Amino acid sequence: MSGLLSMKKKKTDGFIIYDDHCTLCQQTVRLLNHVDKERQFTFLPFSQTEAKETMDAYDQDRTCLNQVVVIKDKAIYKGADGVLEIMKNLPFPWRQLALCAYCVPKFMRNKIYTWIANHRS
């Protein structure tokens, strides 16, 4: 089991499925583990069987490895929407930043997310 997965979990309201071969994604998971004191999310690397089973259980295409997938309250959020769903469930200042980001038109948020996803390491 990955060190990121074995961190203490209190309560889990959702799943974050991420690319564990991506340095930016790994660093983001570390940050979220630090910020999310309530342990609202379980982190599932794409390469783990549990992530694949979760994607199958929610009838999600497993080929979307270029974007984060967030499953919360039986809803699916991908890409920029997934990032904002994570942020709005975190404490200050993340929640407030998410609310501000919703002011940006969705097509622009998606373009920004796609550019970052295509240029990550």
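The exercises below work through confidence, a pocket and salt bridges in one predicted protein model.

Residues are numbered from 1 along each chain as its sequence is written. Because the model is predicted, local features need a pLDDT of at least 70 and side-chain atom pairs count only at pLDDT 80 or more, while totals for chains, interfaces and linings use all residues, and side-chain values use heavy atoms, with hydrogens and water left out.

**Exercise 1.** State what average pLDDT the protein has, and which stretch is below 50.

*Solution.* Start from the term: pLDDT is the predictor's confidence in each residue, from 0 to 100. The protein averages 87, and 87% of the residues score at least 70. Over residues 1–10, however, the pLDDT is below 50, and this stretch has 16 contacts (heavy atoms within 4.5 Å) beyond near neighbours in sequence.

**Exercise 2.** Find which helix gives the largest share of the lining of the largest pocket, and describe that lining by class.

*Solution.* First, a pocket is an open set of points on a 1 Å grid over the protein atoms alone, where a 1.4 Å probe fits, with protein on both sides within 12 Å along at least five of seven lines; lining residues have an atom within 4 Å of a point. Next, 31 residues line the largest pocket, and Thr28, Val68, Val83, Tyr113 and Ile116 lie nearest its centre. Helix 1 (helices are DSSP runs of H or I, at least four residues, numbered from the N terminus) gives the largest share, seven residues. Finally, the lining has 25 nonpolar residues (Ala, Val, Leu, Ile, Met, Phe, Trp, Tyr, Cys and Pro), three charged ones (Asp, Glu, Lys and Arg) and three polar ones (the others, Gly among them).

**Exercise 3.** Explain why helix 3 is described as largely enclosed, and describe the salt bridge between Glu85 and Lys88.

*Solution.* Begin with burial: eight of the 10 residues of helix 3 are buried (under 20% relative accessible area, with a 1.4 Å probe and protein chains only), so this helix is largely enclosed by the rest of the structure. Among the buried residues is Glu85, at 5% relative accessibility, whereas Lys88, at 35%, is partly exposed (from 20% to 50%). The two form a salt bridge (a side-chain nitrogen of Lys or Arg within 4 Å of a carboxyl oxygen of Asp or Glu), their closest N and O atoms being 3.2 Å apart. Because Glu85 and Lys88 are three residues apart in helix 3, about one helical turn separates them.

Key. Helix = DSSP H or I, 4+ residues; strand = E, 2+ residues; numbered from the N terminus.
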